[in-house]
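Please open the structure in your viewer and keep the sequence panel visible beside it. This tour proposes a series of selections and describes what is found at each one.

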Amino acid sequence: KATKVARKRMKAAQQFLQENKQEQFYEEVSQALWGYLSDKFSIPLANLSMDTVAETLRKREVKEETINRFIETLNNCEYARFAPGGSHSTMEHIYNESIGIISHMEQELR
């Protein structure tokens with residue numbers, strides 16, 4: 001279910017990317033990433049932080065490199081979301097990273 005919901009949000013993010021709607025794009029990507037973790041590991045959104053993300057993924061024996069990529073993608077999204085004047089290429093990069101890290105994590109968790 002977590003992956004399905006994340007994919008649905010990323011599809012919406014892709015639409016915002018094509019329309020160059022930065023605020024909506026970053027909001028959707030951010031919610032896709034946080035929501036994926038919340039749904040996947042049954043953690044209430046209110047309890048999620050960068051620390052709980054890392055701790056939870058380590059307990060599930062996700063590789064440190066993957067954990068770092070996930071956190072970096074979240075950080076990049078949050079930074080771009082609140083720093084005005086981002087470029088379309090930045091949005092594309094964050095979109096591709098988000099899709100990639102969710103897919104990669106799904107493979108590791110199998």
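**The whole chain**

Begin with the whole protein chain, coloured by secondary structure: from the N terminus on, its elements run α-α-α-α-α. The count comes to five helices and zero strands, where helices (H or I, at least four residues) and strands (E, at least two) are DSSP runs, numbered from the N terminus. The model is predicted, and for that reason local features need pLDDT of at least 70 and side-chain atom pairs count only at pLDDT 80 or more, while totals for chains, interfaces and linings use all residues. Residues are numbered from 1 along each chain as its sequence is written, and side-chain values use heavy atoms, with hydrogens and water left out.

Next, display the C-alpha atoms alone. Along the principal axes, they fill a box of roughly 40 × 25 × 25 Å. The radius of gyration of the protein chain is 13 Å, which agrees with the value near 13 Å for a compact globule of 110 residues. This radius is taken over C-alpha atoms, and the globule rule is 2.2 Å times the number of residues to the power 0.38.

Now switch on the molecular surface. The protein chain exposes about 6,600 Å², of which carbon and sulfur atoms supply 47%; accessible areas come from the Shrake-Rupley method with a 1.4 Å probe, and for residues only the protein chains shown count as cover. Of the 110 residues, 39% are buried. Buried means under 20% relative accessible area, exposed means over 50%, and partly exposed lies in between (1.4 Å probe, protein chains only).

**Helix α4 and its cover**

Select residues 64-82, which form helix α4. This helix has 19 residues and reaches 27 Å from its first C-alpha to its last, close to the 27 Å expected at 1.5 Å a residue. The expected span is 1.5 Å times one less than the number of residues.

Which residues of α4 are buried? They are Thr66, Ile67, Phe70, Ile71, Thr73, Leu74, Cys77 and Ala80. Show the surroundings as well: the cover over these buried residues includes α2 (22-41), α3 (50-59) and α5 (88-109).

**From α2 to α1**

Select Ser30, which lies in helix α2. Is Ser30 buried or exposed? Ser30 is buried, because its relative accessible area is 4%. Not counting residues up to four places away in sequence, Ser30 touches Cys77, Glu78 and Arg81, where contact means heavy atoms within 4.5 Å. One of these partners, Cys77, has already appeared among the buried residues of α4.

Remain in helix α2 and select Gln24. At 35% relative accessibility, Gln24 counts as partly exposed. Draw a distance from Gln24 to Ala13, C-alpha to C-alpha: the two are 7.5 Å apart in space and 11 residues apart in sequence.

Then select Thr3 in helix α1 (residues 2-18). With a relative accessible area of 13%, Thr3 is buried. Thr3 touches Tyr36 and Glu106, not counting residues up to four places away in sequence.

**Two loop residues**

Most residues other than glycine have a negative phi. The next two selections have a positive phi.

- Select Asn20, in the loop between α1 and α2. Its phi is positive, about 55°, although Asn20 is not a glycine. Asn20 is partly exposed, with a relative accessible area of 42%.
- Select Glu61, in the loop between α3 and α4. Phi of Glu61 is near 60°, a positive value in a residue other than glycine. Glu61 is exposed, with a relative accessible area of 70%.

**Helix α5**

Select His88, which lies in helix α5. His88 counts as partly exposed, at 32% relative accessibility. Leaving aside neighbours within four places in sequence, His88 is in contact with Leu17 and Asn20. What separates His88 from Lys1, in sequence and in space? The two are 87 residues apart in sequence and 30 Å apart in space, C-alpha to C-alpha.

Finish with His93, also placed in helix α5. At 44% relative accessibility, His93 counts as partly exposed. The C-alpha atoms of His93 and Thr73 are separated by 9.6 Å, and the residues lie 20 apart along the chain. Thr73 is one of the buried residues of α4.
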